[in-house]
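Subject: Structure for you to look at

Hello,

Here is the structure I said I would pass on. Please open it beside this email and follow along.

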Amino acid sequence: MQSIPIKHVGQSLVDAFQREYYYLRLSITDVCNFRCTYCLPDGYQPTSTRPSFLTLDEIRRVGQAFAALGTRKIRLTGGEPTLRKDFVEIVENLTALHGIDQLALTTNGYRMAKEIAEWKRAGVTSINVSVDSLDPKMFHQITGENKFVDVMKGIDRAFDIGYEKVKVNAVLMKTLNDKEFDQFLAWVKNRPIQMRFIELMQTGEMDHFFHQHHLSGQVLADRLIREGWLLQPKAQTDGPAKVFKHPDYQGEIGLIMPYEKNFCASCNRLRVSAMGKLHLCLFGEEGIELRDLLQHDEQQMQLKSRLQAALQGKREHHFLHQGDSGIRSNLATIGG
């Protein structure tokens, strides 16, 4: 195993393969009020009667340690993060941290129309909202909720209050919503939306569903290129999406293809679960406990040391291409 270069000690998160980490995906709850077929088809099932998610102070201390180690972007995830009653306070605490210049949110959008102005005032700099279908009936079938109109109103409201771009996520699946690809393209023709298609990923509870509905992202990439879409360079804190632009379109297309060769080579993000565990990869391990070092502000040095040490155990890549999703039974437990 390679050692960390001297210049990085004490100030950055660098793994054994010299990948630097600037991006934290921070889950603040496992609870979700949707029942998406590819994630929680039976709805949220708590593992204990009273799950103890990270407190406001614990979340602040996590953010503070990561910021001190060079993290510039934090994305709040869930479950559905906006279900937390202290969601706005969480945003305010994290945006106040020195060094954090992007505070992003991934949401199912059901509260956007009513609350997004307050989120923006608190410091949310960018929004990702899930819209798996532009057909209200198919949206209901996939998500288990008849909330299509509410979510679309929320996206309109985001533009009304000043967001210049909204990212929209969809898991494109064979025999379900794959025939809507052209409709999605038309939707972003004159709207500043980055439409992101996420390749269905295999998890422990969803093997049959995966084999029935998986659609390779490379099929979509090949079509986009044939039709004149151009792949864009990535910024330092960008996520895993390959982003394509077309001169005739105001919107963009993003493809997240975890089965692509070398998908992990540009990894720049780490995850902390709502229960306070560090996860080095979306798929694989049990997680490294952080919560014992989140109880007092005086523990920051120990916390940073544990983060840096843990990162040396990060694998070079996942093993999804071999059908191995590790222990991950579903994506809601770690924020996707």
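Below is what was found, starting with one strand and going on to the cavities.

Please keep in mind that this is a predicted model.

The strand to find is β6, which covers residues 193-199. How many of its residues are buried? The count is 7 of 7. Side chains in a regular strand alternate between the two faces of the sheet. In β6, Ile193, Met195, Phe197 and Glu199 point one way, while Gln194, Arg196 and Ile198 point the other way. Residues of both sets are buried, and these include the charged residues Glu199 and Arg196.

Next, the neighbours of β6. Strand β5, residues 166-172, pairs with β6 in the parallel sense, and 7 bridges join the two. To see where they meet, find Val166, which stands opposite Ile193 of β6. Helix α6 (residues 181-187) belongs to this part too: β5, α6 and β6 together make a β-α-β unit, and the unit is right-handed.

Strand β9, residues 252-256, also runs parallel to β6, with 5 bridges between them. Here the pair to look for is Phe197 in β6 and Leu255 in β9, which stand opposite each other.

Now the cavities. The count is 2 cavities of 30 Å³ or more. A probe the size of a water molecule, rolled over the atoms, shows where empty space is left.

The largest cavity holds about 50 Å³ of space. Which residues line it? They are Leu172, Phe197, Ile198, Glu199, Leu215, Gly217, Leu220, Leu255, Ile256 and Met257. Phe197 and Leu255, the opposite pair from β6 and β9, are both in this lining. Three elements, β6, α8 (217-226) and β9, each supply at least two lining residues. The largest share is that of β6, with 3 residues. Sorted by class, the lining has 8 nonpolar residues, 1 polar and 1 charged. The charged one is Glu199, which is buried in β6.

The second largest cavity holds about 30 Å³ of space. Its lining is made up of Ser12, Leu13, Glu20, Tyr21, Tyr22, Leu69 and Gly70. By class, these divide into 4 nonpolar, 2 polar and 1 charged.

If you want one place to begin, go to Phe197: this residue is buried in β6, stands opposite Leu255 and lines the largest cavity.

Regards

Terms used: Residues are numbered from 1 along each chain as its sequence is written. This is a predicted model: local features need pLDDT of at least 70, side-chain atom pairs count only at pLDDT 80 or more; totals for chains, interfaces and linings use all residues. Side-chain values use heavy atoms; hydrogens and water are left out. Buried means under 20% relative accessible area, exposed over 50%, partly exposed in between (1.4 Å probe, protein chains only). Helices (H or I, at least four residues) and strands (E, at least two) are DSSP runs, numbered from the N terminus. Two strands pair if DSSP finds at least two bridges between them. A crossover is right-handed if, with the strands pointing away from the viewer, the path from the first strand over the helix to the second runs clockwise. On a 1 Å grid over the protein atoms alone, a cavity is a set of points where a 1.4 Å probe fits but cannot get out, and a pocket is an open set with protein on both sides within 12 Å along at least five of seven lines; lining residues have an atom within 4 Å of a point. Grid points are joined across faces, edges and corners, and a volume is the space filled by probe spheres set on the points.
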